[in-house]
Amino acid sequence: NYEIQFFSPSIATATTLKEAREAVNDASEELSLMGSLCFLKKLEERDEQVTAVLGFYTEGRVHTPLQHIIYATNLQIFFLWFADGASQLSLGDILIFSTGLDKIPAMGFPTQPELEFLHPEDGPAMFPMANTCGPVLRLPVQPTFPSLKVLWKWGLGAYFSHKLLI
């Protein structure tokens, strides 16, 4: 981010309180958006300011990719759980749920099947959903595999009530 590269060094390298205040003033818009704008009373506070800016930047940049890795890992464990027979549901059952078909059509699907993830910030979505016309399988994002498994159990319970679930 250009703004952070520009104003972090100018705050960090200020040698007087006046220089530090000027650097903070120059970056006031960005600092305000980060919730890090404050009036410096002494020169030593500039280090806290720089730490807050760098923390905001790194946590924001690292948090989202890390969450994606966690979700992808849980999803991989989840599908392996079906494939290994640890569940009484099978990958075929997932195919039925997501497409309405019990086997892949000889000519393939009219459109490429899609997998979408439902994040909490997208609105309340606790259970897996499918659009069989698409076909699109929508999976709720969960922080752990056990919570994902519970939601799948409830979400698929009515659909596959003839099988003992998970």
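## Core, sheet and pocket around Leu137

Leucine 137 touches Ile94, Phe97, Ser98, Glu114, Leu115, Glu116, Met129 and Trp152, with residues up to four places away in sequence left out of the count. The model is a predicted one.

Leu137 also belongs to the largest nonpolar core, which has 14 residues. It is listed there with Phe78, Phe82, Ile94, Trp152 and Leu156 as the residues with the most contacts inside this core. Four elements each supply at least two of the core residues. They are tabulated here.

| Element | Residue range | Share of the largest core |
|---|---|---|
| Helix H4 | 45-83 | at least two residues |
| Helix H5 | 91-99 | at least two residues |
| Strand E3 | 136-140 | at least two residues |
| Helix H6 | 145-157 | at least two residues |

Another core lies apart from this one. That core has 11 residues, including Ile11, Ala23, Val24 and Val50.

Next, the sheet. Its 3 strands are ordered E1-E3-E2. The sheet is open, and its pairing is mixed. Strands E1 (114-118) and E2 (129-131) are at the edges. Each has a single partner strand, so one side of each has no neighbour in the sheet. On average, neighbouring strands are turned by 20 degrees against each other, direction ignored. Strands of a sheet pair through backbone hydrogen bonds, in either a parallel or an antiparallel sense. Which sense joins E1 and E3? They pair in the parallel sense, over 5 bridges. Glutamate 114 has valine 136 in E3 as its bridge partner.

The loop between E1 and E2 holds histidine 119. Is histidine 119 buried or exposed? Its relative accessibility is 18%, so histidine 119 counts as buried, the cut-off being under 20%. Its contacts, leaving aside neighbours within four places in sequence, are His68, Tyr71 and Val141.

Last, the pocket. Rolling a probe the size of a water molecule over the atoms shows where empty space remains. The largest pocket has a volume of about 180 Å³. Its lining comprises 14 residues. Leu95, Ser98, Thr99, Pro113 and Leu137 are the ones nearest its centre. H5, E1 and E3 each supply at least two lining residues. Which element gives the most to this lining? H5 does, with 5 residues.

Leu137 links these topics. It is among the residues with the most contacts inside the largest core, and it is one of those nearest the centre of the largest pocket. Ser98, another residue nearest that centre, is in contact with Leu137.

Conventions. Residues numbered from 1 in each chain as written. Predicted model: local features only at pLDDT ≥ 70, side-chain atom pairs only at ≥ 80, totals over all residues. Heavy atoms only, no water. Core = buried A, V, L, I, M, F, W, Y, C linked by side-chain atoms within 4.5 Å. Buried < 20%, exposed > 50% of the residue type's maximum accessible area, 1.4 Å probe, protein only. Contact = heavy atoms within 4.5 Å. Pairing = 2+ DSSP bridges. Axes fitted to C-alpha atoms, helices over the stretch in contact; angles between N-to-C directions. 1 Å grid on protein atoms, 1.4 Å probe; cavity = no way out; pocket = protein on both sides within 12 Å on 5 of 7 lines; lining within 4 Å. Points joined across faces, edges and corners; volume = space filled by probe spheres on them.
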